[in-house]
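The exercises below are to be worked with the sequence and the 3D structure side by side. Each task is followed by a solution in steps.

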Amino acid sequence: MTFKTFTRRTVMAAATAMAVTGLSAPAFADGHQVVDSIHFLIPGGAGGGWDGTARGTGEALTGAGLVGSASYENMSGGGGGKAIGYLIENADSNHGTLMVNSTPIVIRSLTGVFPQNFRDLTLVAGTIGDYAALVVPAEGGPADLNSLIEAFNADPNGVAIGGGSVPGGMDHLVAAMVFQAAGADPVAMKYVPYDGGGATMAGLLSGEVQAVSTGFSEAIELAKAGEVRIIGVTAPERVDSYAEAPTMVEQGNDTTFVNWRGFFAAPGLPEDKLAAYQDAIAKMYDTPEWEAVRARNGWVNIHNPGSDFQSFLEEQETVIGDLMKQLGFL
């Protein structure tokens, strides 16, 4: 399987219901409450992507009357492994808990950061996503994606790609996907990891790297601030929140990718409890409370429940694993 096959088919299978913006359905009355309460377990600290996703989802579910109450617990450690281990080891007492996670659960289990993987949990639903993007300085730099690839092919040592993840992390892997789809050697691609957005931007503006791989929502803010130009986004078509950004696909590069976020429950969760969680999340998309949260955070809606979620994760695991082997990380 190549990334060319994975990116178009898998992401579109995952995005089984790209939500329509501007929904105006009325909030659900108390009589339509689906779940009494949910305790959200967050594998990272306050203010991060997992934290925002859990709290935003809880806000929408309770505000719409679908869930009676929501509570939150941040449990950092082990690259997310501490929370996963806790959920598994205390499964019988955690049937009221949903844990948020995202693409790193696949990457970190492959690399052995923690011994568990998504199969050790009950898969509830994928809910949102953030596309990836390649950006260059607002002034100068490659004119477009193909110009960047051409510069790399002419002088591989003269083109470096920066990112905010470690080598073998998501920013690195996304850039490698793009280069591979263009027929360039992803192993020869020079990747420079940075600690934090400020350091990454400094590297780009100083010329230490010629482009940066980052999340699309972050790239939008940088582009609006006049700091960067987005030369490619991994969406299947242009995204309304920043339609100026061209897709990889329209430039002849068949790469689409979404960093999903979704929810997992403890192993052995009763079927009726799982069905209630999935029903509440499905109904959430039709509420103005959710649309307000989604728009505020610039998220892409992806509703990918149950077996569809598992199929997507299994294929993502295979494809990411293949690339990590090519790059020497597995």
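**Exercise 1. Decide whether Pro-104 is buried or exposed, and describe its surroundings.**

Pro-104 has a relative accessible area of 16% and is therefore buried, where buried means under 20% relative accessible area, computed with a 1.4 Å probe on protein chains only. This is a predicted model, in which local features need pLDDT of at least 70 and side-chain atom pairs count only at pLDDT 80 or more, whereas totals for chains, interfaces and linings use all residues. Residues are numbered from 1 along each chain as its sequence is written, and side-chain values use heavy atoms, with hydrogens and water left out.

The next step is to place the residue: Pro-104 is found in helix H4 (residues 104-110), helices being DSSP runs of H or I with at least four residues, and strands runs of E with at least two, numbered from the N terminus. Leaving aside residues up to four places away in sequence, Pro-104 touches Trp-50, Ser-109, Phe-114 and Asn-259, contact meaning heavy atoms within 4.5 Å.

**Exercise 2. Determine how H2 packs with H10, and which residues make the contact.**

Begin with the geometry: helix H2 (residues 49-63) and helix H10 (residues 288-297) pack at an angle of about 160°, with their axes 8 Å apart. H2 and H10 are therefore roughly antiparallel, a term for angles over 145 degrees. On the H2 side the contact is made by Gly-56, Thr-57, Glu-59, Ala-60 and Gly-63, and on the H10 side by Glu-289, Trp-290, Val-293 and Arg-296.

**Exercise 3. Determine how H2 is oriented to H9, and which residues they bring into contact.**

The axes of H2 and helix H9 (residues 271-284) come within 10 Å and cross at roughly 85°. That makes H2 roughly perpendicular to H9, the term covering 65 to 115 degrees. Thr-57, Ala-60 and Leu-61 of H2 meet Ala-280, Ile-281 and Met-284 of H9.

**Exercise 4. Identify the residues of the largest nonpolar core that touch the most other members, and the helix that gives the most to this core.**

A nonpolar core is a set of buried Ala, Val, Leu, Ile, Met, Phe, Trp, Tyr and Cys residues joined through side-chain atoms within 4.5 Å. Of the 29 residues in the largest one, Leu-134, Leu-148, Ile-161, Leu-173, Phe-179 and Met-189 touch the most other members. Strand E4 (122-137), helix H5 (145-154), helix H6 (170-181) and helix H11 (306-326) each supply at least two residues, and H6 gives the most, with eight residues.

Conventions
Axes fitted to C-alpha atoms, helices over the stretch in contact; angles between N-to-C directions. Parallel < 35°, antiparallel > 145°, perpendicular 65-115°, else oblique. Buried < 20%, exposed > 50% of the residue type's maximum accessible area, 1.4 Å probe, protein only.
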